[in-house]
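Grab a coffee and work through a few exercises on the model shown here. Try each task on screen before you read its solution.

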Amino acid sequence: MGILIDRNTKVIVQGITGREGSLRAKYMKDYGTKVVAGTSPGKGGEEVAGIPVYHTVKQAVAEHGEIDFSVIFVPGRALKAAVKEAADAGVKNIVPCVESVPIHDIMEMVEYCKLKGTRLIGPGSIGIITPGEAVVGWLGGNVEWANSFFRPGPIGVFSRSGGQSGTIPWILKENGYGVSTVVHTGTEPVLGTSFADLLPLFEEDPQTEAVAVFSEIGGTQEEECAEVIASGKFTKPFVIYVAGAWAPEGQRFSHASSIVERGRGSAKSKMEAIQKAGGYVAMSPNDIPRILKNVLKH
């Protein structure tokens, strides 16, 4: 089944009448996602790709019942209000496909969603895909590419890099493995859902036999994963590749939030923590399927 989304997941798109919102809503629907509605203030009563548009999230909920996911495509300055609107309407999960959001707005959104019991994935996430079931956001780009890159199988994948969220699934596919669910957690310095938050979900998923991660220097999410593994809350094989191992301390690499300071967030500290907890470290992305083959015996 994978985690978070499947073909029965009910999805709305906030900002559906904009250029990005309309394009991505059509992609999600064409892939098979159950996109039941969209919202755009002042444009209620319209349709986008056969999807009804409402003025507000509350109106969409009143018409279609409880909503599992809202995918948001609005300008960064408008994101905080859109996230709060979805959380207030009882939406269970929110994926803001929005970057360049003020950090104080992100912190407020994260805290607000926690108080409301809503999972926030991102900001800056390009989405989630459970191959053959559903996609939220625009991970995969279009149906043809999504079917080419993401094959159903037993490996859970997540990354902070949107582009590299497709690299690992492609390498796995080329080596005979598929993926259960792929999650792009987002690129912003503060995120609503961390790597460590995802591990218990993959632990509970019967389809997922192992997790593979494309990681980068900066931040402590991988060290937090090591703590989850060491605590016994995640018991399946965990394989990680850390990009940017060459970068000296203090060097910015890839995303603006990926910076190494005083040894924390370095490639060395991440790899040592994962290995100490019982996980596996790949020296290149191509090593990931080789390690999995040895560990899973198939």
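Below are five short tasks, each with a worked solution.

A word on ground rules: this is a predicted model, where local features need pLDDT of at least 70, side-chain atom pairs count only at pLDDT 80 or more, and totals for chains, interfaces and linings use all residues. Residues are numbered from 1 along each chain as its sequence is written, and side-chain values use heavy atoms, with hydrogens and water left out.

**Exercise 1.** Work out the strand order of the sheet that contains E1, and find which strands stand at its edges.

*Solution.* Start with the order: this open sheet of seven strands runs E3-E4-E2-E1-E5-E6-E7, with mixed pairing. (Strands are DSSP runs of at least two residues, helices are H or I runs of at least four, and both are numbered from the N terminus; two strands pair if DSSP finds at least two bridges between them.) Next, the edges: E3 (47-48) and E7 (119-120) each have a single partner strand, so one side of each is left without a neighbour in the sheet. Now zoom in on E1 (residues 10-14) and E2 (residues 34-39), which pair in the parallel sense over five bridges. Val-13 sits opposite Gly-38 in E2. Finally, add helix H3 (residues 79-88), which lies across E1, E5 (69-72), E6 (93-96) and E7 and runs at about 165° to E6.

**Exercise 2.** Do the same for the sheet that contains E10.

*Solution.* Again you get an open sheet of seven strands with mixed pairing, in the order E9-E8-E11-E10-E12-E13-E14. The edge strands are E9 (134-137) and E14 (280-282); each has a single partner strand, so one side of each lacks a neighbour in the sheet. From one strand to the next, the twist averages 15°. Further in, E10 (residues 152-159) and E12 (residues 210-216) make a parallel pair over five bridges, with Gly-156 opposite Val-211 in E12. H8 packs on this sheet, touching E10, E12 and E13 (238-243), and its direction makes about 165° with that of E13.

**Exercise 3.** How do H8 and H9 run relative to each other, and which residues make the contact?

*Solution.* First, the geometry: the axes of H8 (residues 221-231) and H9 (residues 267-277) come within 8 Å and cross at roughly 5°. Axes are lines fitted to C-alpha atoms, for helices over the stretch in contact, with angles from 0 to 180 degrees between N-to-C directions. Angles under 35 degrees count as roughly parallel, so H8 and H9 are roughly parallel to each other. Then the contact (heavy atoms within 4.5 Å): H8 brings Glu-222, Glu-223, Cys-225, Ala-226, Ile-229 and Ala-230, while H9 brings Ser-269, Lys-270, Ala-273, Ile-274 and Ala-277.

**Exercise 4.** Which elements give two or more residues to the lining of the largest cavity?

*Solution.* A cavity is a set of points on a 1 Å grid over the protein atoms alone where a 1.4 Å probe fits but cannot get out, and lining residues have an atom within 4 Å of a point. The structure holds one cavity of 30 Å³ or more. The largest cavity has a volume of about 60 Å³, counted as the space filled by probe spheres set on the points, which are joined across faces, edges and corners. Of its 11 lining residues, Arg-160, Ser-215, Glu-216, Gly-218 and Glu-222 are closest to the centre. The elements you want are E12 and H8, and E12 gives the most, with three residues.

**Exercise 5.** Which residues lie nearest the centre of the largest pocket?

*Solution.* A pocket is an open set with protein on both sides within 12 Å along at least five of seven lines. The largest pocket holds about 350 Å³ of space. Among its 21 lining residues, Ile-126, Trp-138, Leu-139, Gly-140 and Gly-162 lie nearest its centre.

Note on methods. Parallel < 35°, antiparallel > 145°, perpendicular 65-115°, else oblique.
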